[in-house]
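Student: Could you go through this one with me and back up each label as we go? I'd like to see the cut-off next to the value every time.

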Amino acid sequence: MASDEGSVRVDSWIWSVRLTKTRSMASSACRAGHVRINGERVKPAHTVRPGDEVRLRHAGRDRVVVVSRIVRKRVGAPVAAECFVDNSPPPPPREHTVPIGLRDRGTGRPTKRDRREMERLRGTPGDIG
């Protein structure tokens with residue numbers, strides 16, 4: 001199940017140690033430039049070896065991990081935790097996150113004005129045209 005020698009694709013390793021939910025999400029993150037190994041942007045097929053520092057930007061959070069063990073198949077959470085050393089900064093406290101357009105229960109469907117206000121808070125562009 002686990003191997004301590006050789007190398008493996010970075011997208012496969014990120015998925016195997018449960019840093020992303022799916023391998024395709026790991027691969028997409030690599031293609032988008034959200035994965036760096038030793039400070040260098042990498043493609044999904046780049047190999048990872050023990051001692052490499054992997055930086056992953058995923059779900060609005062930066063993860064910084066140092067590879068301690070290579071795994072080729074997805075493993076359980078306790079085994080995955082042994083495969084890397086987590087040097088990530090702590091996540092921001094929940095009270096500091098911005099609430100995203102919460103409405104009172106029973107207020108009905110949002111009006112066009114309400115919808116525009118929620119889109120402005122989220123930072124998403126509205127309909128064009």
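Tutor: Sure, starting with a polar contact: a pair of N or O atoms within 3.5 Å, where within protein one must be able to donate a hydrogen and the other to accept it, and residues adjacent in sequence count only if both atoms are side-chain atoms. This is a predicted model, so local features need pLDDT of at least 70 and side-chain atom pairs count only at pLDDT 80 or more, while totals for chains, interfaces and linings use all residues. Residues are numbered from 1 along each chain as its sequence is written, and side-chain values use heavy atoms, with hydrogens and water left out.

Student: What makes the pair arginine 63 and serine 88 a polar contact?

Tutor: Their side chains come to 3.4 Å, and the limit is 3.5 Å, so the pair passes.

Student: Is arginine 63 buried or exposed, and how do you know?

Tutor: Buried means under 20% relative accessible area, exposed over 50%, and partly exposed in between (1.4 Å probe, protein chains only). Arginine 63 has 18%, so it is buried. Its place is in strand 7. Skipping neighbours within four places in sequence, its contacts (heavy atoms within 4.5 Å) are Leu19, Val54, Arg55, Leu56, Phe84, Asp86 and Ser88.

Student: How do you know which strands pair with strand 7?

Tutor: Strands are DSSP runs of E with at least two residues, helices are runs of H or I with at least four, and both are numbered from the N terminus. Two strands pair if DSSP finds at least two bridges between them. Strand 6 (residues 53–58) and strand 7 (residues 61–67) have six, antiparallel, and strand 7 has three to strand 9 (residues 84–86), also antiparallel. On the strand 6 side, arginine 55 bridges to valine 64; on the strand 9 side, valine 65 faces aspartate 86 and valine 67 faces phenylalanine 84.

Student: And what makes strands 3 and 6 a pair?

Tutor: They share three bridges, in the antiparallel sense, with isoleucine 37 opposite valine 54. The open sheet has five strands in the order 4-3-6-7-9, with antiparallel pairing.

Student: Why are strand 4 and strand 9 called edges?

Tutor: Strand 4 (40–41) and strand 9 each have a single partner strand, so one side of each has no neighbour in the sheet.

Student: What is special about the turn between strands 6 and 7?

Tutor: The two strands form a hairpin with two residues between them, and alanine 59 in that turn has a positive phi of about 55 degrees. Two other residues to look at are arginine 18 and asparagine 38. Arginine 18, in the loop between helix 1 and helix 2, has a positive phi of about 65 degrees without being a glycine. Asparagine 38, in the loop between strand 3 and strand 4, has a positive phi near 50 degrees.

Student: Why are arginine 18 and asparagine 38 called partly exposed?

Tutor: Arginine 18 sits at 40% relative accessibility and asparagine 38 at 49%, so both values fall in the in-between class.

Student: What makes a set of residues a nonpolar core?

Tutor: The members are buried Ala, Val, Leu, Ile, Met, Phe, Trp, Tyr and Cys residues joined through side-chain atoms within 4.5 Å. The largest one here has 23 residues, and Trp13, Ile14, Val17, Leu19, Val35, Val48 and Val54 touch the most other members. Helix 1 (10–16), helix 2 (23–31), strand 3 (35–37), strand 6, strand 7 and strand 8 (70–71) each give it two or more residues. In soluble globular proteins, nonpolar side chains tend to be buried together. Valine 54 also has contacts beyond four places in sequence that include Trp13, Ile14, Val48 and Arg63.

Student: How many disulfides are there?

Tutor: Zero in the whole structure, where the test is a pair of cysteine sulfur atoms within 2.5 Å. Cysteine 30, at 3% relative accessibility, counts as buried, and so does cysteine 83, at 0%.

Student: Which elements does the whole chain hold, and in what order?

Tutor: Four helices and nine strands, running β-β-α-α-β-β-β-β-β-β-α-β-α from the N terminus. Of its 129 residues, 29% count as buried.
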